[in-house]
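Welcome! Let us practise reading a protein model together, one small exercise at a time.

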Amino acid sequence: MKKLMMTMIAAVMMSSAAFAQDNQKECKCSEKKADNTEMVKHRTDKMVKKYGLNDQQAAQLLEVNTKYSDKMEPRGQHHHPGKGRPPKDGKKMDKKTDGNTGATAQQTQESKRQELTEEQRSRAKSFSLSDLVQRSAIPLGLTCMIFYFGYSGVLAFIMQYTQGTAMEEAGYYFYLAVAVGTLISRFTTGRIYDSRGANPVVLPGYVSFITGMIIFASTDFVPLFMLSGFLMGYGISIIYAICQAIVVTSSPAHRYGVTSATFGSLSDMGSGFGPFILGSILAATGYHQMYLICAGVSFCSLFMYWAIHGHKEFREKHPEGC
């Protein structure tokens, strides 16, 4: 009897354990199914939002994701190279096999273009005068220095020049005319330079500035006085911008900053030292003669430009005429 009771108790306990185990499996299956459903819905909503899909496309995407939900990895668990199963053939994984082949190749090419040579690296670690000055920028830099030497007379003495004359009130608006000429030249000359080169832009710029300077030195008529400002502004913008573009494009890419600094420093020297020298000339000659001298100095700058760059470009554009 006692053995029968023990057998019955053991059978009941075993059936209870099996039932509990079955219930636990069902709960896990239902939880897993709920997790998969939630994961599929979350990823579908994320892709719909990312790619801007419409309702029909969203429904089709949800159907595909539901069909292959058992192949999706849970969120937060991603396969990383070097972890888990080893790569095929025992070879190391290549960066270009991570699904972003195009982006990785493009980044590699960009990094190669930006890499410095050994000579450039050694020069970057050392210091010399050539680190501060780009020699190729000096000739046209001196050209613009002479050019701004002539213009510095206008910058320094315009108020004294117009004082007590019919142009005294117009002198306050002179630089407005200069600004208008500069603005117009910015809009018109860039495209010509890109398509036809520097000469068709720089030579008219010099002619405009020299003409404006001659008018400025010789007129007492307010409209002509304002016209001279417009002509000078048109030429100033062209000379500086185009000469700077020439020296930068002809220098190495890693020296663009030094080239611009060399060119700008030389140009500023013309504006800075010009009034000191022109002041002495003014005391000996007077305003009209001094400004005519400034026009002659600008013509010298034109001659320098043609000797340094203009004639070379002309020969390249017109080889049959040389």
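Below are four exercises, each with a worked solution. Keep in mind that the model is predicted.

**Exercise 1. The whole chain**

Task: Describe the secondary structure of the chain and how much of the chain is buried.

Solution:
- Start with the elements: the chain has ten helices and zero strands. Read along the sequence, this gives the pattern α-α-α-α-α-α-α-α-α-α.
- Next, look at burial: of the 322 residues, 30% count as buried.
- Then turn to the surface: the accessible area of the chain is about 21,600 Å², and 61% of that belongs to carbon and sulfur atoms.
- Finally, consider contacts between residues at least 6 apart in sequence: 77% of them join residues at least 24 apart.

**Exercise 2. V248 and its surroundings**

Task: Place V248 in its helix, decide whether V248 is buried or exposed, and list what V248 touches.

Solution:
- Find the helix: V248 belongs to α8, which covers residues 222–249.
- Check the accessibility: V248 has a relative accessible area of 17%. The cut-off for buried is under 20%, so V248 is buried.
- List the contacts: setting aside residues up to four places away in sequence, V248 touches Y256, T259 and S260.
- Add a distance: F263 is 15 residues from V248 in sequence, and their C-alpha atoms are 9.1 Å apart in space.

**Exercise 3. S267 and its surroundings**

Task: Do the same kind of reading for S267: which helix holds S267, and which residues are in contact with S267?

Solution:
- Locate S267: this residue sits in α9, residues 256–285.
- Judge its burial: the relative accessibility of S267 is 2%, so S267 counts as buried.
- Name the partners: beyond its neighbours within four places in sequence, S267 is in contact with G141, C144, M145, Y148 and Y240.

**Exercise 4. How α9 meets α10**

Task: Work out how α9 and α10 are arranged and which residues make their contact.

Solution:
- Begin with the geometry: α9 and α10 (residues 287–317) pack at an angle of about 135 degrees, and their axes are 7 Å apart.
- Classify the angle: α9 is therefore oblique to α10.
- Note the handedness: the crossing of α9 and α10 is right-handed.
- Collect the residues: α9 contributes L278, I281, L282 and T285, while α10 contributes Y287, Q289, M290, I293 and C294.
- Sort these residues by type: seven are nonpolar, two are polar and none is charged.

Conventions
Residues numbered from 1 in each chain as written. Predicted model: local features only at pLDDT ≥ 70, side-chain atom pairs only at ≥ 80, totals over all residues. Heavy atoms only, no water. Helix = DSSP H or I, 4+ residues; strand = E, 2+ residues; numbered from the N terminus. Buried < 20%, exposed > 50% of the residue type's maximum accessible area, 1.4 Å probe, protein only. Contact = heavy atoms within 4.5 Å. Axes fitted to C-alpha atoms, helices over the stretch in contact; angles between N-to-C directions. Parallel < 35°, antiparallel > 145°, perpendicular 65-115°, else oblique. Left-handed = near helix turned anticlockwise from the far one by under 90°. Nonpolar A, V, L, I, M, F, W, Y, C, P; charged D, E, K, R; others polar. Areas by Shrake-Rupley, 256 points an atom, 1.4 Å probe, with all protein chains shown as cover.
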